[in-house]
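Here is a colleague's note to read beside the coordinates. The points run from the strands to the side-chain contacts.

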Amino acid sequence: MRSTVFTRPAAALAIASVALAGVAGASQAAPTVSGASVKKSSLPGNRIKPNSLTGVQINESRLGVVPVAKLASFAELAKSADSAKTAQFAENARSAETARSAENARTADVAKDAQKLNGRDHTAFLSNATRTVFVASPQIPGAGGSTTIVASCNADEKAIGGGGGWFQIASPQPTELDVQVIASVPVPFDGGNELTGWSVSGRNNSASNRILRAYVTCVPKVVG
């Protein structure tokens with residue numbers, strides 16, 4: 001008669017049984033955790049899924065300046081500083097140009113004043129405002145013919161000198177034969193000291209006709 005022998009289950013069989021029990025438990029729904037049950041400041045950052053937080057969960061006003069934004073801020077400051085520097089250069093250039101223009105104007109005024117004497121420019125001096133008036137008599141017969149002629153300045157002028165003499169007819173050459181200049185004198189204005197012309201008187205004692213000429217040098221009464 002054969003006998004039946006009963007043995008204990010192997011260790012592998014026991015482990016498999018436990019695993020099956022675990023799988024059966026996992027198939028049940030996992031319990032949820034509320035925020036109230038989580039201790040403040042207890043979750044580390046590596047427990048948050050990357051790129052899962054948005055502006056809804058983050059208070060953006062409490063964030064600092066990101067590096068790129070900080071660079072942009074520096075660039076804006078640099079731009080403002082450069083603009084200010086450029087504006088300062090422009091202002092300096094304008095000031096320099098204004099100063100140079102003022103200096104040129106002052107130099108021009110000094111040069112202009114240097115050409116003046118007592119506030120008068122060169123056109124007001126007698127040497128530039130002088131003119132000479134010439135007059136001639138008709139032909140004066142010889143053998144004692146005489147005449148008086150006057151060279152006169154304009155009403156706004158005064159005489160500063162003059163003279164006269166006998167000349168050959170149709171010739172600028174003075175005559176040398178038997179003629180006399182009896183008088184060569186300035187003409188006063190109404191008997192005063194202001195001269196208005198020049199008077200010349202003469203006698204022709206030659207045998208030929210001659211011409212008596214007079215001239216007067218005039219300048220403006222009021223110069224400048």
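**Notes on sheets and side-chain contacts**

1. Start with β3 and β6. Strand β6 covers residues 211-220, and β3 pairs with it in the antiparallel sense over 10 bridges. One register point is useful for checking: K158 has V219 in β6 as its bridge partner. Keep in mind that this is a predicted model.

2. The β3/β6 pairing belongs to an open sheet of 3 strands. The order is β1-β6-β3, and the pairing is antiparallel. The edges are β1 (131-136) and β3 (157-167). Each has a single partner strand, so one side of each is left without a neighbour in the sheet. From one strand to the next, the twist averages 20°.

3. There is another open sheet to describe. It also has 3 strands, here in the order β2-β5-β4, with antiparallel pairing. At its edges are β2 (145-152) and β4 (179-188), and each of them pairs on one side only. The twist averages 15° from one strand to the next.

4. Now the pairings within that sheet. β2 runs antiparallel to β5 (residues 195-204), and 8 bridges connect the two. S152 stands opposite G197 in β5. On the β4 side, 9 bridges join β4 to β5, again antiparallel. There, V179 stands opposite N204 in β5. These two residue pairs give handy register checks for β5.

5. Is β5 mostly covered or mostly open? Mostly covered: 7 of its 10 residues are buried. β5 sits between β2 and β4 in the sheet order.

6. Next, the aromatic contacts. The structure holds 1 aromatic pair. Its members are F134 and Y215, with ring centres 6.0 Å apart and planes at 40°. That geometry is classed as tilted. F134 lies in strand β1 and Y215 in strand β6, so the pair links parts of the chain 81 residues apart. The two strands are neighbours in the order β1-β6-β3.

7. How accessible are those two rings' residues? F134 has a relative accessibility of 63% and counts as exposed, because the exposed class begins over 50%. Y215 has a relative accessible area of 33% and is partly exposed.

8. One charge-over-ring contact should be noted. The charged end of R213 sits over the ring of F167. The distance to the ring centre is 4.8 Å.

9. Then the salt bridges. How many are there by the distance rule? The count is 3. As background, side chains of opposite charge can pair when their charged atoms come close.

10. One of the salt bridges is local. E91 forms it with R94, and the closest N and O atoms are 2.7 Å apart. Both residues lie in helix α2 (residues 67-114). They are 3 residues apart, about one turn of the helix. E91 is partly exposed, with a relative accessible area of 35%.

11. Another salt bridge joins E157 and R131, at 2.7 Å from N to O. This pair links distant parts of the chain: E157 is in strand β3, R131 is in strand β1, and 26 residues separate them. Those strands are the two edges of their sheet. Which class does E157 fall in, buried or exposed? E157 is buried, with a relative accessible area of 9%, because buried means under 20%. R131, in contrast, is partly exposed at 32%.

12. The remaining salt bridge is between E194 and K221, with the closest N and O atoms 3.1 Å apart. This pair too links distant parts of the chain, 27 residues apart. E194 is in the loop between β4 and β5, and K221 is in the segment after β6. E194 is partly exposed, with a relative accessible area of 33%. K221 is also partly exposed, at 33%.

13. For a visual check, begin with the register pairs, including K158 with V219 and S152 with G197. Then turn to the tilted pair F134 and Y215. Finish with the contact of R213 over F167 and the salt bridge of E157 with R131.

Definitions and conventions
Residues are numbered from 1 along each chain as its sequence is written. This is a predicted model: local features need pLDDT of at least 70, side-chain atom pairs count only at pLDDT 80 or more; totals for chains, interfaces and linings use all residues. Side-chain values use heavy atoms; hydrogens and water are left out. Two strands pair if DSSP finds at least two bridges between them. Helices (H or I, at least four residues) and strands (E, at least two) are DSSP runs, numbered from the N terminus. Axes are lines fitted to C-alpha atoms, for helices over the stretch in contact, and angles run from 0 to 180 degrees between N-to-C directions. Buried means under 20% relative accessible area, exposed over 50%, partly exposed in between (1.4 Å probe, protein chains only). Rings of Phe, Tyr and Trp (its six-membered ring) pair if their centres lie within 6.5 Å; planes under 30 degrees apart count as stacked, over 60 as edge-to-face and the rest as tilted. A charge sits over a ring if NZ of Lys or CZ of Arg is within 6 Å of the ring centre and within 35 degrees of the ring normal. A salt bridge is a side-chain nitrogen of Lys or Arg within 4 Å of a carboxyl oxygen of Asp or Glu.
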